[in-house]
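Trainee: Could you pick one small part of this model and look at it closely with me, and then follow the connections outward from there?

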Amino acid sequence: MGRTPMLPFKLVYSDAYYLPIGQHVFPAEKYKRVHDRLLANGVAEASDFLEPEPATDQDILLVHKPEYVHKLKTGTLSPREEMELEVPFSPELVRAFWLAAGGSILAARQALADRASISIGGGFHHAFADHGEGFCMIHDVAVAIRRLQRDDKIRTAMTVDCDVHQGNGTAAIFAGTRTASALLPSAGASTLDSAVLNSALPGKIRGAHAGDVFTISLHQHNNYPQWKPASSIDVDLPDGTGDDDYLAWLDNALSSGLRQFEPDLLCYIAGADPYREDQLGGLSLTIEGLKKRDELVFKVARARDIPVMVTFAGGYARNVEVTVSIHCNTVVAAKEVFG
Ligand SMILES: [Zn+2]
């Protein structure tokens, strides 16, 4: 009979992570449900959670254009800009996104202290410097990276985006920091040494070198966003990609990325929407496959002693409890790898 041992890392969470967007395909209640289930299942206890502060406007401005931030603060987005956001604008929503960014800053700091940290929120990878889209107003992960760089806590970072949708905002925001644009050879080329790439996997890997932030995105090719600005490495997966192929591609992208680049921080965007029955996704991962995905990222980070901060991004299973299970498993996987 003992108390649940404390997690070897902190979870960052606030009830105010809730996005006030009404009835929406994005299940804004998932954050609280993950929090509650982690406690109910004994995966975590109350003292494992840290409550974030909202990011400051200065933090937000490290990534976003002053004109855009001004429009958000004054509620003066154009109808077209609001439509692109695909969530109803409100001052409360602005506050929730500032808090998500603060949560990612805190998780990134905690990751440097404890090797890992998970924000039970965030991962708004479709936000650009000058506009929001695809349910994403503010790029919380980019804000966290820029804040830690500004504080001289890190010099470089790598984003590993496993949401089913390409990380277009991430790619665009960090493209400006690129020093070169040499293309990685496509699948089967000699710089990618795994036999997997020489087999008949139908996906495609492409990429460009990074500046101080190296961006990796594994996503369904035939899905939003229509325009996919180049990440450092993009893995364009065909419809219906299942666990084994997905894990092989992820393994390859990680080893290829880490051969080219040494990050001081790894930002893992652990979308739940590669799940086989996701309403907005067309890949075929199982719940177990998604947990193996999380384990793979954590094991690679741990083996190379790279601190890893995690955000949740999307997840649109018809039954929200499935999305909650996938997100809870990310915490369990981290507990197993870092425990
Ligand atoms: Zn997504």
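**A loop residue and its surroundings**

Mentor: Let us start with Ala 313, which is found in the loop between strand S9 (308-311) and helix H11. Please keep in mind throughout that this is a predicted model. The backbone of Ala 313 deserves attention, for its phi is positive, about 55°, although the residue is not a glycine. As background, most residues other than glycine have a negative phi. Ala 313 counts as buried because its relative accessible area is 3%, which is under the 20% cut-off.

From this loop we can go forward into helix H11, which covers residues 320-338 and contains Thr 323. Thr 323 also counts as buried, because its relative accessibility is 1%. If we leave aside its neighbours within four places in sequence, Thr 323 is in contact with Lys 30, Ala 272, Gly 315, Tyr 316 and Ala 317.

We can also go back from the loop to strand S9, and here Tyr 268 is a useful guide. Setting aside residues up to four places away in sequence, Tyr 268 touches Val 308, Met 309, Val 310 and Thr 311, and its partners also include Val 160, Cys 162, Arg 293, Asp 294, Val 297 and Phe 298. Tyr 268 is one of the residues with the most contacts inside the largest nonpolar core, a group of 110 residues, and Leu 11, Leu 19, Leu 38, Ile 120, Met 137 and Val 160 are named beside it. The largest share of this core, 13 residues, comes from helix H5, which runs over residues 91-114.

Our next stop is the zinc ion. Its protein donors are two OD atoms of Asp 163, ND1 of His 165 and an OD atom of Asp 273, and they lie 1.9 to 2.8 Å from the ion. Along the chain these donors follow the spacing D-x1-H-x107-D. The two aspartates link distant parts of the chain: Asp 163 sits in the loop between strand S4 (157-161) and helix H7 (168-175), whereas Asp 273 sits in the loop between strand S8 (265-269) and helix H10 (287-303), 110 residues away. The arrangement of the four donor atoms is irregular because the angles that they subtend at the zinc ion run from 53 to 152°, while a tetrahedral site would need every angle between 85 and 135 degrees. Both aspartates are buried, Asp 163 because its relative accessibility is 1%, and Asp 273 because its relative accessible area is 0%.

Helix H7, which follows the loop of Asp 163, is largely enclosed by the rest of the structure, because six of its eight residues are buried. The buried ones are Asn 168, Gly 169, Thr 170, Ala 171, Ile 173 and Phe 174, and they pack against helix H6 (140-150), S4 and S6.

Those packing partners lead us to two further loops. Between H6 and S4 lies Asp 152, whose phi is also positive, near 60°, in a residue other than glycine. Asp 152 is exposed, because its relative accessible area is 67%, whereas Ala 313, at 3%, is buried. Asp 212 lies in the loop between strand S5 (204-207) and strand S6 (213-220), and it is partly exposed, with a relative accessible area of 26%. The side chain of Asp 212 makes a polar contact of 3.4 Å with the side chain of Gln 149. The C-alpha atoms of Asp 212 and Ala 157 are separated by 6.7 Å, although these residues are 55 apart along the chain.

Beyond S6 comes one more backbone feature, since a cis peptide bond, with omega about -5°, joins Tyr 224 and Pro 225. Pro 225 is found in the loop between S6 and strand S7 (233-237). As background again, most peptide bonds are trans.

Finally, let us set these pieces within the whole. The secondary structure of the chain comes to eleven helices and nine strands, and buried residues make up 61% of its 339 residues. Of the contacts between residues at least 6 apart in sequence, 80% join residues at least 24 apart, and Asp 163 and Asp 273 likewise link distant parts of the chain.

Key. Residues numbered from 1 in each chain as written. Predicted model: local features only at pLDDT ≥ 70, side-chain atom pairs only at ≥ 80, totals over all residues. Heavy atoms only, no water. Helix = DSSP H or I, 4+ residues; strand = E, 2+ residues; numbered from the N terminus. Buried < 20%, exposed > 50% of the residue type's maximum accessible area, 1.4 Å probe, protein only. Contact = heavy atoms within 4.5 Å. Donors = N, O, S within 2.8 Å, 3.2 Å for Na, K, Ca; no water. Tetrahedral: all angles 85-135°; square planar, octahedral: opposite > 155°, others 65-115°. Polar contact = N/O pair within 3.5 Å; in protein donor to acceptor, adjacent residues only side chain to side chain. Core = buried A, V, L, I, M, F, W, Y, C linked by side-chain atoms within 4.5 Å.
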